[in-house]
Amino acid sequence: MTNRRVIEITEFGDPSVLKIVQERISDPAEGEAQVRQTAIGFNFIDIYQRKGIYPLPLPTGLGFEAAGIVEAVGEGVDDIKPGKRVAYMNAGVGAYADRRNVPADKLVQVPDYIDDETAATVLFKGMTAQYLLRHTHAVQRGDLVFVHSAAGGVGQILTRWATALGARVVGGTGSPQKRQAALDAGCIAVVDTSQQDWPDAFLKATEGERARVVYDAVGKDTLLKSLDCAAPFGLVVIYGASSGKAPAIDPELLNKKGCLFLTRPSVFPHNADLNRFRSNAADLFNAVAKGHVSLEIGQRFALEDIAEAHRAAEERRASGAIVTIP
């Protein structure tokens, strides 16, 4: 056994509830690998769980993704070896730590051409983009796509990958300061969704054409207007709730807006099966190798400063991905 540092919360609330503690970590059990974590990713779901919007049993850790080096394995683990670089995004909460025992079937080996920071920040976000682009709606050449939060971590990946697939992407950002980051990611136009008339700005930018698919990670503040941006028989995808839970929708409204389709998917069911998870990860890593997926790391924080990372994200002061270095 050895010591580890881990972030824990004993109550829901603002970032001040995030506390760092030291504790002993046991040797990996059967089917587990112990990972010395070198980079930890950040996702908005971490905020939802910290605040109790998505409540967890307390006390609890937080964080879903990290990268690092396998230091030991338990019995029955033969496909992941000590010394290998690995990453994960679906091993349950608790990634905010410098060491962690992880079920080996939740790990994917990281290719040599991807560094640890990229692996820790691209896996969860990239796998989210992967199912959105490949499974929720198979984006085709010529599709007009609207991406909310286009300057954010998932938004940048969605934009770059969809563009590489031949789609035309219009981005939405919550502030004009983030416009350039969305354009740099490949958006053909960007609208400021903090303005009341942003759907009109979207239609002006597209000369009246509506989107084949709208990817909405904002939720409460944007969903009803997102419906106005979708083409007849188009799809509106709610995959996040940075402004709060999306409002309930009367199905008749979807009919009136153009016989629209509406869905609320999640990355975890799309990667619950080991073979599918590793296949999806291979698709993502291949997109990285081709240059179709890249992610700007906007800010780096020490593990002890995780509360400030949460504040930066919640106040929308961070453009691009946030990474924590243990």
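In the predicted model, Arg50 counts as buried, at 1% relative accessibility. The side chain of Arg50 meets that of Glu314 in a salt bridge, with a distance of 2.9 Å from N to O. Because Glu314 lies in helix 10 and Arg50 in helix 1, this pair ties together parts that are 264 residues apart in sequence. The partner, Glu314, is partly exposed, with a relative accessible area of 29%.

The setting of Arg50 is helix 1, which spans residues 44-51 and is mostly covered, 6 of its 8 residues being buried. Besides Arg50, the buried residues of this helix are Ile45, Asp46, Ile47, Tyr48 and Gln49. The cover over these buried residues includes strand 3 (32-41) and helix 2 (116-136), together with helix 8 (267-270) and helix 10 (306-314). Helix 10 thus appears both in the cover of helix 1 and as the element that holds Glu314, the salt-bridge partner of Arg50. Just after helix 1, Gly52 takes a positive phi of about 90 degrees.

Further salt bridges are found elsewhere, and the structure holds 15 of them. One of these joins Asp98 to Arg5, with the closest N and O atoms 3.3 Å apart. Asp98 lies in the loop between strand 5 (85-88) and strand 6 (99-103), whereas Arg5 belongs to strand 1 (residues 2-8), so the pair ties together parts that are 93 residues apart in sequence. Asp98 is buried, with a relative accessible area of 13%, a value that falls under the 20% limit. The two residues also belong to a network of salt bridges in which Arg5, Asp98 and Glu304 are linked.

Another salt bridge is formed by Arg36 and Glu71, the closest N and O atoms of which are 3.0 Å apart. Here Arg36 lies in strand 3 and Glu71 in strand 4 (residues 66-73), so the contact ties together parts that are 35 residues apart in sequence. Both residues of this pair are partly exposed: the relative accessible area is 30% for Arg36 and 36% for Glu71. Strand 3, which holds Arg36, is also among the elements that cover the buried residues of helix 1.

At the level of the whole chain, the protein is divided into domain 1 (2-122 + 271-324) and domain 2 (137-263). The C-alpha centres of the two domains lie 28 Å apart. Their contact takes 17 residues from domain 1 and 17 residues from domain 2. The area buried between domain 1 and domain 2 is about 1400 Å², of which carbon and sulfur atoms give 57%. Within domain 1, the residues that lose the most area to domain 2 are Tyr48, His292 and Arg316, which together account for 36% of what that side buries. Tyr48 is also one of the buried residues of helix 1.

Between domain 1 and domain 2, the count of salt bridges is 0, while 2 residue pairs are in polar contact. On the side of domain 1 that touches domain 2, the elements that give two or more residues are helix 1 and helix 9 (274-289). The largest share of this side, 3 residues, comes from helix 9. By class, the side of domain 1 that touches domain 2 comprises 10 nonpolar, 4 polar and 3 charged residues.

Key. Residues are numbered from 1 along each chain as its sequence is written. This is a predicted model: local features need pLDDT of at least 70, side-chain atom pairs count only at pLDDT 80 or more; totals for chains, interfaces and linings use all residues. Side-chain values use heavy atoms; hydrogens and water are left out. Buried means under 20% relative accessible area, exposed over 50%, partly exposed in between (1.4 Å probe, protein chains only). Helices (H or I, at least four residues) and strands (E, at least two) are DSSP runs, numbered from the N terminus. Contact means heavy atoms within 4.5 Å. Domain bounds come from an automatic or database domain assignment. Buried area is the accessible area (1.4 Å probe) that two parts lose on being put together, summed over both. A salt bridge is a side-chain nitrogen of Lys or Arg within 4 Å of a carboxyl oxygen of Asp or Glu. A polar contact is a pair of N or O atoms within 3.5 Å; within protein, one must be able to donate a hydrogen and the other to accept it, and residues adjacent in sequence count only if both atoms are side-chain atoms. Ala, Val, Leu, Ile, Met, Phe, Trp, Tyr, Cys and Pro count as nonpolar, Asp, Glu, Lys and Arg as charged, and the others, Gly among them, as polar.
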